[in-house]
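New to this one? Here's a quick tour to get you oriented before you start turning the model around.

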Amino acid sequence: FGSSESVSVAAALHGIRAMLHSRLFEDGQRLVAEATAEVETEVRQYPFAMPIYADGGFAGRILTYYTYAALLLVVFLIAAAVYRAMKPAEEKELKASETGDFSHGLCSWYENWKTSLLGCCCTPVRWADTTDASNSTRYWIAVCLYLVFSLIPLGIVGPYGVLVLAPSPLLVFLGVYYRQQLRQKRGMDHSTVETVGKDCLSWAFCTCCAVVQEARELEDEPTQPVPPPTTGV
């Protein structure tokens, strides 16, 4: 071939390659858009995935979060009422710990599946019962404190509009505060950098395990009768 013919062939090949790249790029964009739309549609139809309204922006996310939070609030309040009706209030006679620490390990939840199941599925209820039995605060006050502090969102918006939540710092503070009180009443080490740090890590990364551990700490303690409320004659 001559030089002019070589230039023509090279230009033709370059044009074909550019056309193929453009077609592949357009097809790829179309496939990604179709897949994304399909996944978003499925997520929005899933009732527990906390979907984000397409045109709501930040306000839509907050509205969606608190809509689900209100539903969870009602569910847990009903569960708390049923639990209290089935298990009347009782106070535990707290004795000094023989080891200076919790009697059960943080990850030994499998030793008592009933307490563990309740602590995982109805964490506010199980924790409130522990604080009430240890005479740290009343049952319903504890339930309300846990629910209010846990409903303050701290999270990020994941792919396809799913709100991924992390433990609220206020909830961690609440749990550590009453955990330190339980330590003090049981004669354990408390109010030190080490114990506060351990309790913060327990409540931040393994809340259910911490709640179950605190509940099991009171299981073997004797029960004191709760006097009935006095009424005027």
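What follows is a short briefing on the cores, one helix pair and one helix face. Keep in mind that this is a predicted model. A good place to start is the largest nonpolar core, which has 20 residues.

**The cores**
- Val125, Trp127, Tyr139, Val143 and Trp203 are the residues with the most contacts inside the largest nonpolar core.
- Helices H2 (57-86), H4 (123-133), H5 (139-150), H6 (169-185) and H8 (207-217) each chip in at least two residues of this core.
- There's also a second, separate core of 5 residues, with Phe102, Leu182, Met188 and Leu218 among them.
- As a bit of background, nonpolar side chains tend to be buried together in soluble globular proteins.

**A look at Trp203**
- Setting aside neighbours within four places in sequence, Trp203 touches a list of residues including Trp127, Tyr146, Leu171, Val172 and Arg179.

**Where H7 meets H8**
- The axes of H7 (residues 193-205) and H8 come within 5 Å and cross at roughly 120°, which makes H7 oblique to H8.
- On the H7 side, Ser202, Trp203 and Phe205 do the meeting, while H8 brings Thr207, Ala210, Val211 and Glu214.
- Sort the residues of this contact by type and you get 4 nonpolar, 2 polar and 1 charged.

**The two sides of H3**
- Thr115, Ser116 and Gly119 are buried in helix H3 (residues 113-121).
- Looking down the H3 axis, the buried residues fall within an arc of 100°, so they line one face of the helix.
- Exposed Trp113 and Lys114 sit on the face of H3 turned away from its buried side.
- H4 and H8 are among what covers the buried residues of H3.

Technical notes
Residues numbered from 1 in each chain as written. Predicted model: local features only at pLDDT ≥ 70, side-chain atom pairs only at ≥ 80, totals over all residues. Heavy atoms only, no water. Core = buried A, V, L, I, M, F, W, Y, C linked by side-chain atoms within 4.5 Å. Buried < 20%, exposed > 50% of the residue type's maximum accessible area, 1.4 Å probe, protein only. Helix = DSSP H or I, 4+ residues; strand = E, 2+ residues; numbered from the N terminus. Contact = heavy atoms within 4.5 Å. Axes fitted to C-alpha atoms, helices over the stretch in contact; angles between N-to-C directions. Parallel < 35°, antiparallel > 145°, perpendicular 65-115°, else oblique. Nonpolar A, V, L, I, M, F, W, Y, C, P; charged D, E, K, R; others polar. Arc of directions from axis to C-beta.
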